[in-house]
Structure formats: C-alpha cells, structure tokens
Amino acid sequence: MSLHLHALHRTLADVAMESITEIDGAIMEGGGQILRMATSLGALLGKPVRVRNIRAGRSTPGLRPQHLTGLQLIRDICGGRLEGGQIGSTVITFYPAPIKSGRFIADTGTAGSLCLILQLAIPCMIYGNGRSSILLKGGTDVESAPPIDHYLWVFRPIAEKFGIKFECDIRKRGYYPKGGGEVFVRTNPIADTLLPIEMVECGQITQITGRSFVAGVLPIKVANSMADAACKSLKQTFPRINVKVDRVKEPQEKAIGTGSGIILVAETSNNYKLGSSALGKRGVPAEQVGEAAATDLIRNINEGGCVDSHLQDQLILLMTLAKGKSKIRCGKLTLHTETAIHVAELLTSAKFSIIPDEGKESCVIECQGIGLQKKS
C-alpha cells in the first residue's frame, strides 16, 4: 500500500512539475515587467509559474525589496506558495491558490515604487468575492516608475472603463532614499468579467493641468520654478490651450524625506488623459525638471495616441482579461508594452495584433481577451 501511495505522490509531483510555465526573465525588457505580468496572470488563472534569470538586464540582477514585496503580497492575496522569495533571487516559483478577499499589508522597507506593486495587486484583488483593502508602504514618487498621481489621475479613469473600481487615499508621500510613504487602497469585486474598451480617436487637447511639489527642506520657490518652466514650454507649443499647474509645499506630517517633482496631465475632447512627470535631482536646476516633464508630454501628444507611453503596458493585462475585443491607439510602442504582450500570449489564449498608422509613429493595439470570469 505504501508503495502505491509513494508512486501516486511521485506521479502527482511529476504532473505538478509539468504544469509549471517556465519564463525567461532575461528576454526583451529583462526587468520587473516580466515578473509582474507572470505572477499576476499566474494568480488569476491558477497557473504555477517559474521565472528564471530575474532582472538579468539590470545592473543589479535578481529580486529587489520592491519586487519581493509585490510577490509576497500576491502570494497572500491568493493564499499561494512562493519558492525562491529572497532578496537577490534570480529564480522564483509561484504556486497560486484561489484568490480571496480581505485586508492586506505590504511594506517594501525602502523607497520601492508603490505604483508598481499596485499594478500587481489591483487586477488580482478585483477578482475576489468581496471588498478588499491594502495598506502599502514605500515610495510614492520615485525614479523609473510612474508617480502615484499618474496612477490615480491617468490610469484609474481608464481602468474604470474596463469595470474596475477602487479608492485610494495617499496618507503620506515617500521619497528616495527613505521611502516611508503610505497609501491605503480599497477595491470592489468586478461584476463578472472585465469589459473590452475602444480608444482609437484621441480628439483635441482641451486643457493641461498639473501639480508641482516640494517636501522636506526644499522651499516653495523650487515648485514655482518647475511649474513656470513647464507652463512656458507648453504654452509655446499649445498657445491656445489653458495650462494650470498647482504648486504645493507638502507639510511634514504628510511626507517622509525630502523630494520634489512635477506631474502634467493633458485632457482631450474625448475624455482621455495623457500624463508625464519628472523628479527633482541634486544638482539639476528646477527649471530643467519642469522642461523635461513638458517635453515628454508634448512628445506623447504629438505621437497621436489616446494613452501615453507610461500607461501602454499597464493596460495589456486588463485587455488580456476582458471579454471581447479591445482597441487602443497609442504612440510609439514601448519595450515594456511588447514584453507585457509576450508574457500575456505565453500564459493565456489572448490574441494581440499591432496595426501601424501609416506614416506615423502611432499604432493600434488590438486584443481578443480571454473573458476571465470571477469565480463565485
């Protein structure tokens, strides 16, 4: 009898090993995008995934605190199991279980981007059977990631078109290198499946708004200089468009550390939003920071997309899960977006097509989604 049980266990183990989808983390973008897409889809589909060569394309390969925090959060949301979950790990294996609703906490312990963790968590949380909440601690405005304002002002309105509803309170801002920011997020479960969306006609730019901020020991004149430089550059390009940028000095109880930056958002006649941002750096004039944000926004507008280059890749997962065909016109396709599409097609039956706009840098991303249903 014991021999039969032993044979059965070996068989089950072999089946489990065969069912693991192997993903090379060194391909294409070679960074955290592969990890985020793979683990989110693994949790949503109930598919074990193994990612090797994690962040092989980065100067410091392997998991950083931000990535490990996101993985541990997804593990907790679905009650799954994570192997290789240590800082510096270049291989992880994730065994998901059914997604559950509840209250969760995730703390990077660093200035790791909270927005990148939200990209992992929210698509999973909305497939639970009830309201969920999460308290995230880390960086709200950091390099190489969208700031929290971009996530709320630009991503959330489009996420709502898919049928996603979430609330977000920014309790504290956190800047590099201390981090310490706090964001509290509440999600509602989707009704059944995500809706497909069609965004192919951008319309005309109607206004540009923004927020220029400083925190810590920096004076408000730094925020004024960033805002003035951005407004001047934008008005030179769009002389008939109203441009208004708020200038903010964060109170000490609302921010950890010293930081500065600016976010700009262009609104269109078809109710779409394109954003850009830039952070202040030691030794870089405030005027240069404001001009950089304006230049990036102008580029996004001129490329003719309905979404900006920082939002493209975030929508691939939602298009994959939606029921039906989604169409989104974007500017020049980013490597992050191409990577997200590759992982989506590797793990699901979703079908993507890229249709170039003749003579332009823009293109239309089409996706026949899988129509993933929320389990009762």
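**Helix α4 and the cavities beside it**

Reader: Which residues line the second largest cavity?

Author: In this predicted model, the lining is made up of G32, L35, R36, Q66, H67, G70, L71, L116, I117 and L120. The helices α2, α3 (65-78) and α4 each supply at least two of these residues, and α3 gives the largest share, four residues.

Reader: What makes this space a cavity, and how much space lies in it?

Author: A cavity is a set of points where a 1.4 Å probe fits but cannot get out. About 70 Å³ of space lies in this one. By the same rule, the count comes to three cavities of 30 Å³ or more.

Reader: What lines the largest cavity?

Author: Its lining includes Q119 and P123, along with Q33, R36 and Y151. About 130 Å³ of space lies there, and α2 (32-45), α4, α5 (148-162) and α8 (312-321) each supply at least two lining residues. By class, six are nonpolar, four polar and two charged.

Reader: Why is α4 called largely enclosed?

Author: Buried means under 20% relative accessible area. In α4, 12 of the 12 residues are buried, so the rest of the structure largely encloses this helix. Among them are L114, Q119 and M125.

Reader: How do you know that the span of α4 agrees with its number of residues?

Author: At 1.5 Å a residue, its 12 residues (114-125) should span 16 Å, and the end C-alpha atoms are 15 Å apart, which agrees.

Reader: What makes S113 a cap of α4?

Author: A side-chain oxygen of S113 lies 3.3 Å from the backbone nitrogen of C115, at the N-terminal end of the helix. A polar contact needs N or O atoms within 3.5 Å, so this pair meets the distance cut-off.

Conventions. Residues numbered from 1 in each chain as written. Predicted model: local features only at pLDDT ≥ 70, side-chain atom pairs only at ≥ 80, totals over all residues. Heavy atoms only, no water. Expected span 1.5 Å × (residues − 1). Buried < 20%, exposed > 50% of the residue type's maximum accessible area, 1.4 Å probe, protein only. Polar contact = N/O pair within 3.5 Å; in protein donor to acceptor, adjacent residues only side chain to side chain. 1 Å grid on protein atoms, 1.4 Å probe; cavity = no way out; pocket = protein on both sides within 12 Å on 5 of 7 lines; lining within 4 Å. Points joined across faces, edges and corners; volume = space filled by probe spheres on them. Nonpolar A, V, L, I, M, F, W, Y, C, P; charged D, E, K, R; others polar.
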